[in-house]
Amino acid sequence: MAVSDHVDLSTFMEGVKKRNPGQTEFIQAVQEVAQDVYDFISDKEEYHTAQILRRIAEPDRVVSFRVCWEDDNHNIRVQRGWRVQNNNAIGPYKGGIRFHPSVTESVLKFLAFEQTFKNSLTGLPMGGGKGGSNFNPRGKSDSEVMRFCQSFMTELYRHIGPNTDVPAGDIGVGAREIGYMFGQYKRITGRWEGVLTGKALEFGGSQMRPEATGYGAVYFLRNMLQHQDQDIEGKTAVISGAGNVATHAAEKITELGGKVLTMSDSGGFIHDPDGIDQEKIDWIKKLKNERRGRISEYADEFSGASYHEDERPWNVECDLAMPCATQNELNEDEAKALVKNGVQAVSEGANMPTTLEGVHVFQEAQIMYGPGKAANAGGVAVSGLEMSQNAERISWNQERLGDMLTDLMEGIHEKCVEHGKDGEGNVNYVKGANIAGFKKVADAMLAFGVV
Ligand code: NDP
């Protein structure tokens, strides 16, 4: 007779903290999910007996490896690389690769854990994983980035495959890095196969993949607003970041009649009261993707705009807020400032950008708040469609993929409403996303027995 794992939430979290010492980001992510899942499974003995939550919060495996490369001055450099394979109950591991000096095992474990729920929410057959390195691509030449990517893939290739684990891009990993890594995988294995997503169109990439996360986060924002009979048109938006997600979010907000006031990078933010229109967004894309410059240069280029060094944009008055840079970039005080200034809705393009305390501020103020695992799932959803296209050796056109993305985001929004609405019609999107994401993975795990 199995012994039921009926420990209460705080005992469960004590165990997570004890088993993962110092891994603050991972513990934060588990805490955020556990509180909702605990409510949901309170009367569902089978999930307790099978210890499902405990098992999802323990990665299937964490691979850590040395990445050695030579810089342009012939110095030997040593970095650390990881792949966290969190859970493959519903499909091959899937999740991006991040190159940034802030990358640690804790950060990647939190991202892989979150990815498991996000991928489940898309409705596509994808498990959760994440990888990366503490390598900093900033200031490196193309040759240095190439040598690093090749060395990284020389170790990673043995752990991935189109039916095993399919990585993609993330912070610091864009089209250039995916190209170098895909080339090295092909060279080592001698196989052309859909082992990475986010590829360029010339070698198996999908239309809409670069746009998907940012556009999807705006669609989710629109879905939340429409649920309350509102729309984006005529509203002001504050966005953080100036990378892939942020620039595409800005593009879609602008296209739908909103006015984007800010963008940022790790140096500070720019505020443009005239609005950051398509022409200015194109300028930012060139700045970041080609010249690899800093956002501060925007204020020199466009009159009327100001640059705020070492500051984040959350004190700027706005109707809509979209954190699209990195984790924990919006804290409790900043959430309070947004609420005080009348923000109506927040949609997270980044992963876990709002601290737990900040989330509570939004929830108490009954702001429409779309957490990253739901709002930014459009990127991985189109990655899933890239896998399907590669497997079938076909490519779908932009229009078809655009429609599929819109439908996928609508489906995710509906699942959040189904599991997150209370008796008065308010929707707790965090709860909805956590429960809907959990249920599918948990039921698959139950079907497998104890594995
Ligand atoms: P990019 O590398 O294209 O852009 C990241 C942006 O965030 C840059 O402007 C960068 O500034 C800024 N940034 C990074 N780290 C920090 C930091 N510690 N403090 C302040 N700003 C920072 O990455 P993406 O746009 O792809 O990713 C952004 C977020 O979206 C991440 O949380 C990622 O996990 C999430 N996401 C991305 C998906 C995708 O499809 N790309 C899918 C789903 C989620 P700087 O140049 O100065 O470093």
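How many nonpolar, polar and charged residues does the lining of the second largest pocket have? The legend to View 3 gives the count, and the views before it start from the ligand. Please keep in mind throughout that this is a predicted model.

**View 1. Polar contacts between the ligand and the protein.** Start with Ser-266, where a polar side-chain atom sits 2.4 Å from an oxygen atom of the ligand. Asn-244 takes part through its backbone instead, with an N or O atom 2.9 Å from a ligand oxygen. Arg-138 brings in its side chain, and an N or O atom there is 3.1 Å from an oxygen atom of the ligand. On its own the ligand would expose 890 Å², and the protein buries 82% of that area.

**View 2. The shell of residues around the ligand.** Here you can look at the 26 residues that surround the ligand, the closest being Asp-170, Thr-213, Ser-266, Arg-294 and Asn-351. By class, the shell holds twelve polar, eight charged and six nonpolar residues. Both domain 1 (61-193) and domain 2 (210-375) supply at least three residues each to this shell. Helices α8 (209-227) and α9 (244-255), together with strand β7 (259-265), are the elements that give it two or more residues.

**View 3. The second largest pocket and its lining.** This pocket has a volume of about 360 Å³. Its lining is made of 16 residues, and those closest to the pocket centre are Gln-366, Ile-367, Asn-426, Val-427 and Asn-428. Two or more lining residues come from each of α13 (356-364), β12 (368-370) and α17 (429-448). Of these elements, α17 provides the largest share, with three residues. And here is the count promised at the start: seven of the lining residues are nonpolar, seven are polar and two are charged.

**View 4. The second largest cavity.** Searching the whole structure turns up three cavities of 30 Å³ or more. The one shown here is the second largest, with about 50 Å³ of space. Which residues line the second largest cavity? Going along the sequence, they are Glu-32, Glu-114, Glu-348, Met-352, Thr-354, Val-359, Tyr-369, Pro-371, Gly-372 and Lys-373. Sorted by class, this lining has four charged, four nonpolar and two polar residues. If you wonder how such spaces are found, rolling a probe the size of a water molecule over the atoms shows where empty space is left.

Methods:
Residues numbered from 1 in each chain as written. Predicted model: local features only at pLDDT ≥ 70, side-chain atom pairs only at ≥ 80, totals over all residues. Heavy atoms only, no water. Near = heavy atom within 4 Å. Polar contact = N/O pair within 3.5 Å; in protein donor to acceptor, adjacent residues only side chain to side chain. Areas by Shrake-Rupley, 256 points an atom, 1.4 Å probe, with all protein chains shown as cover. Helix = DSSP H or I, 4+ residues; strand = E, 2+ residues; numbered from the N terminus. Nonpolar A, V, L, I, M, F, W, Y, C, P; charged D, E, K, R; others polar. Domains from an automatic or database assignment. 1 Å grid on protein atoms, 1.4 Å probe; cavity = no way out; pocket = protein on both sides within 12 Å on 5 of 7 lines; lining within 4 Å. Points joined across faces, edges and corners; volume = space filled by probe spheres on them.
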